Amino acid sequence: MTAERIQEQKVLLVEGYDEKFLYEGLIDHLNLQGIQVVTFDGVCKMERAIQETVEMPGFRELVSPSGSFGIIRDAETDAANAFQAVEGALVRAKLKPPSSALTWSGRSPRIGVLIQPPCKPSGMLEDLCLEAVAANPCFHCIDALFRCVTQAGSPLPTNLSKAKAHAFLATRDRPGLRIGEAGKKGYWHWNSPTWDSAKKFLREM
Amino acid sequence: MLESFRAKNFKCFEDFTIKPLATVNLVTGLNNVGKTALLEAMFLHAGYFNPALAAVINVFRGVEKFRKDHEVLWGWLFSNHNLAATIELTGTDPADVKTVLKISLCPMSQVIEAGSGQEGLLEPSPGLGVTNGSVSRKLLYEYSDSSGQQERNAIWLTPDGKIVSQNPPTERGVAAHFVVSRKRFFEQDADLLDELTRKKRQNELVEKSRVFESRLNGLSVSTAWGPKMIVADLEGQPELMPLAYAGEGLTRIISMLLRILPAAGGLVLIDEIDNGIHHTTLESVWRAIAETANTSKVQVVATTHSQECIIAAHKAFASRLEYDFRLFRLSRPPRKNTIEVVCYDREKLEIAINAGKDVR
């Protein structure tokens, strides 16, 4: 595999390969050009990944002068804490953090942060995906599946959102895809308002 | 041992500092960001007592003939070709002892100190004239360190194109070797093997080199083929074989080890270390360098363009008790005339490699 270096003026840092593939799918859907999605999937925490991205070959040459650096991460249990952690990491990387999520700061480069799901105190990528397909006619079948499993005496999975997302994917014409790969296939209904913030963020990059 | 090194007004470095240096260091980056220039700066600094090295580094770059003009010969030493500037090369050791070499051009009339003068190393290109102006300046070397030691010397071009130094250089300070990427110095290699043999250490070289050529039984110096050169005793071969005829990789590895083994407390600078070496051998090369540098207490600074070489170095050092290795990536920000550096310690390099990121 060729080692990755920064080759675009716009860089989007995300947490893992699921997010990378999913947002690459959304970028394709929006027909946006010149955005490179980078991840340090599981190798280090997001805060460290910010520093490492800034120091990747090509960042100073391509992004710093007039490009943009976007960061998307999960709110997890506390959206405010998630934003503060990114803010601190940006300061340590000598970059000017934006005043809040979904706003942009600076010019060389422009910096933006999106905490997902937007405007909610907590959550993760799978919550967004499920919200996007909630109107799908077969979605109630997924809920019914887990009710049935509980009634059969089996405990619910610890990460119910993830389990439901994978159950939904199991019903697609090509089952077994990962969350991110399903994004590339358009299984997460890009036309859902759930993705409006992400679309706005990516267009503004 | 250098803990940090600063180059001011030297070649592409207006003001550049590299730190913290380890025992073995690898410098990477795109073309034309100053990797070789950094080695040259360190070489001049280590050889502060010999101003002729300012001309020798041109030979390392393949420029062996020059016009009889101080500007042609030394002008490119100065950043932005600013001949009025003073080059300042500062090394700092782990005990914070600083050694500073200042290099500047001064009028021929400036009195340095008494000295007989000694003819230099390079011959001029024939047929090129010398104007009055071109020999009106000499290259002044001023050395000082934290202990108060100070030295001055100078070299200049004579009207007939010879390089003359104010005081003959007497070798002292730390041993410093430069392994260049373009040229092979067979005779110098033979001299080094002679010296190693005299100290009964040639077997160390043979043992380490056998990792790369399992048929190697011994190395010796011979003049049977004309010039003095190293010959190899290879199993299954009816005669000794001049090393010059062996593969580039083996010759280069032996050349490197010949310089690291005897340079106790010194500095070995290796340009494009992976040149001619197959990628599957790189980790063994680094293991040999790590071991030799550690036992001989030699600091190594090398350059590379190869990600495979960097990964091999990381693996070789990660398998040792002490990870005494650092990677530095040089880069030039767009539209700026400065060189920036990113230092990779073990953790940082591991993150980049494991995440599949380029570090060159």
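Biologist: What makes the radius of gyration of chain A agree with that of a compact globule?

Modeller: With 205 residues, a compact globule would come out near 17 Å, and chain A has 18 Å, so the two agree. Keep in mind that this is a predicted model. Along its principal axes, the C-alpha trace of chain A spans about 60 × 35 × 30 Å.

Biologist: How many of the residues in chain A are buried?

Modeller: Buried residues make up 52% of the 205. To count as buried, a residue needs under 20% relative accessible area.

Biologist: And which elements is chain A built from?

Modeller: Chain A has nine helices and five strands. Starting at the N terminus, they go β-α-β-α-α-β-α-β-β-α-α-α-α-α. As for contacts with a separation of 6 or more, 68% of them join residues 24 or more positions apart.

Biologist: Okay, let's pick two helices. Why are H5(A) and H7(A) called oblique to each other?

Modeller: Look at the angle: the axes of H5 (residues 125-132) and H7 (residues 160-170) of chain A cross at roughly 45° and come within 8 Å. Roughly parallel would need an angle under 35 degrees, and roughly perpendicular 65 to 115. The crossing fits neither, and therefore H5(A) and H7(A) are oblique. Their crossing is left-handed, too.

Biologist: How do you know that H5(A) and H7(A) meet, and which residues do it?

Modeller: Contact means heavy atoms within 4.5 Å. On the H5(A) side you'll find A:Glu126, A:Asp127 and A:Leu130, meeting A:Ser161, A:Lys162, A:Lys164 and A:Ala165 in H7(A). Sorted by class, that contact has four charged, two nonpolar and one polar residue.

Conventions: Residues numbered from 1 in each chain as written. Chains lettered and ligands numbered in written order. Predicted model: local features only at pLDDT ≥ 70, side-chain atom pairs only at ≥ 80, totals over all residues. Heavy atoms only, no water. Axes fitted to C-alpha atoms, helices over the stretch in contact; angles between N-to-C directions. Helix = DSSP H or I, 4+ residues; strand = E, 2+ residues; numbered from the N terminus. Parallel < 35°, antiparallel > 145°, perpendicular 65-115°, else oblique. Left-handed = near helix turned anticlockwise from the far one by under 90°. Nonpolar A, V, L, I, M, F, W, Y, C, P; charged D, E, K, R; others polar. Rg over C-alpha atoms; globule rule 2.2 N^0.38 Å. Buried < 20%, exposed > 50% of the residue type's maximum accessible area, 1.4 Å probe, protein only.
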